[in-house]
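Reader: I'd love a close look at one part of this model, with a little of its surroundings for context. Could you walk me through it?

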Amino acid sequence: MNDQATLKDIAKAIEKRDIWAIFVHERPDGDAIGSGSAFYCWGTEMGKKCLWGGTHPVPKVYEFLPYVDVYQVLERVPDQLKGPDRAIIVLDTSNLSRCVAGIEDDLTLIVNIDHHMDNQRFGHLNYVDPTSCATAEIVWDLFKESEHPIPKDSLLGIYTGIITDTGHFTYSNTTSKAHAIARDILNTGINPEQIFRHIYANRSLAGLKLWGYAFIRALSTSNGKAVISWLKLEDFEKLGADSYDSEGIVNQLLYVRGAAISALLTEGEDEVRVSFRSITGVSVRELAQKWDGGGHPQAAACKLRLPLERAVKTVLQTLEEYTQDV
């Protein structure tokens, strides 16, 4: 595998391939789905035969994006997607354990485009830029490096990726460039209110009640610098909620006065997923890496192979220690 490539090199390389397989990370968020949708639109506009997908379904709030209806849930890359005239494009994915299996292949061009600092650079061509607010920003830059025009449908995905990964331009990764890209997209006639309502004003009643469970259980470390909560597997079953209904809770926990870190633990069948958030200047990536996770300094995640009760105690105790110097 190679070190950093240029976007122009990547554009030229994939334009030579007739078939593109576009993959995103597990439990995809707005940046992953937005970037994937934008890439699919761009490829099909060029006449490429495209497939895109991942290990988990598209969250309902992103079903308004173009070509989501042809997104495929896959455990493994089909053999027919491998070969010298094909390209596998992996978006917003820091390591291959978070994506469909079987991506590694010597004959197929593997392109890795991401903005996570801990990306393992697993592609033949890698473009990893942690200063970008979202992978969607890099996708925009890549399209600009190409001689092919950007389809209007692609703009919906790029805008979605940027607003979701910047918290609608409120997080510390928000830059003047992010605003400039949004301006250029909005100047084409894209309706920001419609996109906002699709993503943020589209919550189910079951999802609303799920948030209530998390808020009722919330507690803080003794110094008040970390807030933690959890969701049980039976919560989802009782309410008829799905895993994506919990999206956004961990961000809300960080709004507690005095909190520098928040954590939400979500019980699964055989593991507990932990999502961390933090304010600027306090990194949670190291916390996630402690349990073989990763992510950004202000947004990271990991998985614990523990019963929920033990996982809560473990994370809370770790946060008590970690926040002593915050």
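Author: Happy to, and please keep in mind that this is a predicted model. Let's start in helix H6, residues 192-200, where Phe196 and Tyr200 sit four residues apart, which means that about one helical turn separates them. In an α-helix there are 3.6 residues a turn, so residues three or four places apart point the same way. The rings of Phe196 and Tyr200 do form an aromatic pair, with 5.2 Å from centre to centre and 35° between the planes. That pair counts as tilted. How buried or exposed are the two residues? Phe196 has a relative accessible area of 35% and is partly exposed, and Tyr200, at 35% relative accessibility, is partly exposed too.

The pair in H6 belongs to a count of 10 aromatic pairs. Elsewhere, ring pairs join Trp20, Phe39, Trp42 and Phe143 into a cluster. Two members of that cluster lead us to the sheet. Trp20 lies in strand E1 (residues 19-24), which runs parallel to strand E4 (residues 86-91) and is joined to E4 by six bridges. The bridge partner of Trp20 in E4 is Ala87. Phe143 falls within helix H3 (residues 135-145), which lies across E4, E5 and E6 and runs at about 120° to E5.

The sheet itself is open and has six strands with parallel pairing, in the order E3-E2-E1-E4-E5-E6. At its edges are E3 (72-73) and E6 (125-128), each of which pairs on one side only. Helix H1 (residues 7-15) also lies across part of this sheet, touching E1, E4, E5 (109-114) and E6, and running at about 140° to E6.

For another helix to set beside H6, try H11, residues 308-322. H11 has 15 residues and reaches 21 Å from its first C-alpha to its last, close to the 21 Å expected. Its buried residues are Leu308, Ala311, Val312, Val315, Thr318 and Leu319. These cover an arc of only 140° around the axis, so they lie on the same side of H11. On the other side, Glu309, Arg310, Lys313 and Glu321 are exposed. The buried residues of H11 are covered by elements including strands E8 (226-231), E9 (261-267), E10 (272-278) and E12 (299-304), together with helix H10 (285-290).

Methods: Residues numbered from 1 in each chain as written. Predicted model: local features only at pLDDT ≥ 70, side-chain atom pairs only at ≥ 80, totals over all residues. Heavy atoms only, no water. Expected span 1.5 Å × (residues − 1). Buried < 20%, exposed > 50% of the residue type's maximum accessible area, 1.4 Å probe, protein only. Arc of directions from axis to C-beta. Contact = heavy atoms within 4.5 Å. Pairing = 2+ DSSP bridges. Axes fitted to C-alpha atoms, helices over the stretch in contact; angles between N-to-C directions. Phe/Tyr/Trp six-rings, centres within 6.5 Å; stacked < 30°, edge-to-face > 60°.
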